[in-house]
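Biologist: I am new to this structure and would like a close look at a single part of it. Please choose one strand and walk me through its surroundings with care.

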Amino acid sequence: MIQCTHCGTKNRDGSKYCSDCGARLVPQAGLVCPMCSTPNPVENVFCSKCGARLVPLTAATITDKPAAPAPIKGISLPSKPAEPPAPPPPSAKTEDWLEQLRTQIPDQPTDEPSPAEPPTHEETEGIPDWLARLRAAEPPLDELSPGEKARQAAAAIQIGDEDVPDWLRPAPAETESPRVADTARMPDWVLEVPAAQAAPSSAAPTPSAQEPDTAEPQVPAWFKPIEPSPDLPPPVPATEDEIPDWLKALKPSDEALRAPAPPLPSETLVEGIPAEKPAWLTTTPYTDISEDEFLPDWLRTPIPPQPTPTTPEGVAPEFRGELPDWIAALKPAEAAIPHIVETGPVETTGPLAGLRSVLPLAAVIAEPHRLSPAPDKPPAEHARLFEAIVAAPVAAHPPRARASTRGNTLFRALVYILLTLAIVIPFFVPDLANTSIRTFGTPTADLYDTVATLPFDSLVVLAFDYDPGSSGEMEVQANVLVRHLMQRRTRIVAISTLETGPQIAQRVLDTAARATGNYVYGTDYVNLGYLAGHEAGLRQLALAGFAPTTIDYVQRRPLTQYPNLSAVQSWRNVALVIQLAGTPEVLQKWMEQVQPRAGVKIVAAVSAAAEPRARAYREAKQLQAFMSGLMGAAQYEILSNQPGLAVISVGAQSTASVVLIALIIMGNLFWLSSRNRGKTK
Amino acid sequence: MSDVIGVWVGAILTLVVFSYLLGDTPLFRLAQAIFVGVAIGYAITAAVYLILIPKLFDPLILDPVAHSYLIVPLVLGVLLLFKVRTAWSPLGNLSVAFLFGVGSALALGGALDGTLLPQLAATLVPLDSLENVLLIVGTLGALLSFRFVQPTTTRLGARAVEALGRGWGTLGRWFVWMALGALFANIAVSRITILVNRVYFLLHDWLQVVR
């Protein structure tokens with residue numbers, strides 16, 4: 001079924017004209033969307049893809065356009081008149097006389113001879129006289145107004161009435177009989193046509209013949225204008241004041257008088273008047289009547305004056321009187337145009353003149369967008385919703401989280417208790433943690449051998465490079481080392497690269513001296529205090545040795561005033577350097593700044609944290625020997641046969657280490673089991 | 001008497017620090033502030049009495065001509081004080097630049113001479129024992145584990161070498177993990193030792209319940 005786009009009547013497939021209104025039916029090829037170029041079925045009023053309107057809202061005459069101008073694509077509307085459509089191909093229903101006329105015109109390149117060149121004899125040969133007179137009498141069409149063109153066309157047709165075939169003449173009962181002279185020039189086939197079968201005369205009122213002309217005798221009597229009665233006085237034109245207001249309101253505007261262009265039989269008339277018609281009338285396919293030239297004139301009904309379209313929202317004021325509604329409906333909403341459109345150019349021609357960036361722009365093409373509808377909810381409603389969400393009470397913590405926190409607290413308390421017991425119990429029950437301390441083949445044994453082989457009264461530099469934070473681990477090593485050095489009757493020079501080192505050194509030395517009983521400060525040992533400068537101080541110490549002006553930490557006297565110890569100014573007099581390093585960094589400083597340059601033998605007692613680095617230096621032969629941590633101190637106590645705090649504490653340390661390892665293993669197993677439970681769930 | 005007071009103060013502060021096991025208590029914050037304050041005060045005192053007075057001011061006062069070279073560190077030190085105020089801080093840039101420049105140069109040179117080259121030479125050992133083999137394999141594997149390049153050729157030999165390097169790097173990554181585990185274990189042992197020392201202090205010196 002084909003639906004008439006004019007009246008909506010459904011017609012059978014294959015119909016070319018509407019069975020109800022006679023309008024040309026749109027073929028099933030469909031309608032091309034002017035917005036997205038999507039082909040749509042003819043039944044569609046809106047595009048099935050983008051929703052744009054396909055059928056005009058106020059289209060008065062929708063005609064078939066097999067060769068219509070290119071459809072409007074995208075959001076771009078043509079801003080200049082489209083090319084005139086090609087003439088329709090000859091139809092099987094073309095009148096015979098027109099077919100004959102067509103065959104008699106040899107190789108006519110175009111249907112429009114130049115107005116400046118009158119038609120030649122060969123061109124006019126075979127053309128009916130009325131058509132020849134029409135062609136000869138008309139001035140250049142471009143110079144005429146549409147009304148004059150219409151009047152001239154109608155007059156030419158009326159004047160050539162004698163050349164009109166009989167079937168085009170009015171019925172004999174209603175019109176005058178043709179003159180003999182005219183009938184003599186008629187073809188025989190025209191004369192043979194019965195008068196009763198004649199079609200309505202071409203003199204029927206046409207849209208262009210709104211004024212009385214020479215065709216008046218052929219107009220039916222009832223259609224003739226009312227003749228004024230001779231008894232009545234001649235009409236006097238009413239003045240402006242005498243016209244009532246309601247009549248003034250009915251007076252059509254000048255624009256309304258100009259708007260309904262009369263349908264003319266020639267296509268050239270339509271093309272010749274673009275200057276006086278709105279541009280959209282020359283481009284829209286629905287107002288082009290050139291395709292209806294094969295229709296009889298009596299079927300050509302004048303296009304009723306278009307009412308002033310209601311101005312939709314968004315149409316520029318200057319176009320409210322020109323844009324039809326269906327174009328206005330296609331105009332994109334300003335809110336839907338992306339922001340980049342605001343920066344585009346303003347249209348200067350065409351129906352979209354005055355609008356900004358409606359025509360395709362590179363930016364619009366590069367950034368696809370969709371015509372989104374305006375938000376249906378005002379921002380205030382969103383704000384109220386946001387405030388309500390914020391003001392809503394926060395949900396309480398889930399019970400599972402509280403249980404987890406409580407479990408973590410209990411687990412932590414259990415770890416603290418177990419670790420405390422593992423440390424405390426070995427102090428009360430030493431046999432419970434009877435740790436076997438192996439000394440043979442350990443680095444500590446090498447250190448002990450190094451110290452034990454020092455010559456009597458040799459000079460030893462002892463560096464106390466640990467702070468109070470690590471003194472709990474380092475002091476046991478320092479104590480056992482100093483006691484052993486004093487047993488060997490070595491001269492001790494203490495130094496530190498940390499600010500807190502001298503105090504610690506003095507305490508350790510004094511304690512060991514008191515324990516030994518015959519060690520005197522200034523004679524057997526001295527504390528040179530803090531060595532400033534970090535790497536720079538150590539580099540200077542390695543290169544130049546102890547300066548003679550070095551002030552000791554206790555008596556504040558220069559090194560030269562301690563004759564028994566002033567030999568430390570040269571590294572050649574130093575038998576051994578023992579570094580007590582609490583951190584790997586201070587050990588590295590000595591290894592990097594002093595060892596390569598001083599050419600002195602260096603051993604170290606380091607914390608357990610610094611043991612890996614000390615072991616690396618030991619493997620590289622940069623460090624002669626070392627001991628580390630509480631276990632190293634215990635080994636040294638055993639080797640030096642002076643068991644003390646290290647041996648007592650190592651049992652507690654071993655027990656705590658075992659407990660810690662057990663807790664780590666249990667924690668990992670618990671974690672693995674909980675993860676597997678989570679996977680199975 | 002002073003020893004008794006010292007033991008009590010030390011014991012109380014030790015317990016206060018242990019209170020962190022129960023949470024970030026105000027007592028722990030008080031002990032933390034005390035330790036920080038004492039450390040800073042001690043550092044300032046040590047800097048003045050161990051460095052500035054005996055090694056800078058006394059020589060300049062007693063014999064300024066002989067120790068005139070000390071004016072340079074004195075000026076640099078004074079310029080460093082201008083770092084206190086932002087508007088004056090550019091005046092201390094010279095001192096900071098001197099400190100950082102000298103420190104960086106010494107650290108780089110010392111690392112090259114004292115750590116990198118000796119450690120590299122220590123790995124050049126004959127493969128005559130399992131220990132040496134593991135040393136070579138682990139060291140090269142650890143270096144290959146930090147190789148993040150993709151093969152740029154499709155030749156079979158090159159791809160085989162690439163696969164070997166990748167597998168060796170994976171093995172070296174395991175060596176790296178074992179080394180990091182050993183480091184962590186040593187740190188844990190070190191902290192346990194300190195804890196043992198503190199517990200022994202409480203039991204022996206403060207409570208005197210342990211012989």
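**A strand and its surroundings**

Modeller: This is a predicted model, and in chain A residues 24 or more positions apart account for 65% of the contacts with a separation of 6 or more. Chain A has 22 helices and ten strands, and buried residues make up 30% of its 681 residues.

The part I would choose is strand β9 of chain A, residues 602-606, which is largely enclosed by the rest of the structure because five of its five residues are buried. In a regular strand the side chains alternate between the two faces of the sheet. In β9(A) both faces are covered, with Ile602(A), Ala604(A) and Val606(A) buried on one side and Val603(A) and Ala605(A) buried on the other.

Strand β8 of chain A, residues 574-581, pairs with β9(A) in the parallel sense over five bridges, and Ala581(A) stands opposite Val606(A). Between these two strands the chain passes through helix α19, residues 584-598, in a right-handed β-α-β crossover. Strand β10 of chain A, residues 625-628, also runs parallel to β9(A) and is joined to it by four bridges, with Ala625(A) as the bridge partner of Val603(A). Here helix α20, residues 611-619, completes a right-handed β-α-β unit with β9(A) and β10(A).

Phe626(A) touches several residues, including Val603(A), Ala604(A), Ala605(A) and Val606(A), as well as Ala614(A) and Pro443(A). Ala604(A) and Phe626(A) are also among the residues with the most contacts inside the largest nonpolar core, which has 90 residues, and helix α16 of chain A, residues 471-487, gives the most to this core, with eight residues.

Technical notes
Residues numbered from 1 in each chain as written. Chains lettered and ligands numbered in written order. Predicted model: local features only at pLDDT ≥ 70, side-chain atom pairs only at ≥ 80, totals over all residues. Core = buried A, V, L, I, M, F, W, Y, C linked by C-beta atoms within 7 Å. Buried ≥ 20, exposed ≤ 12 C-beta atoms within 10 Å, placed from the backbone. Contact = placed C-beta atoms within 7 Å. Pairing = 2+ DSSP bridges. Right-handed = clockwise from strand over helix to strand, strands pointing away. Lists of a residue's contacts leave out its neighbours within four places in sequence.
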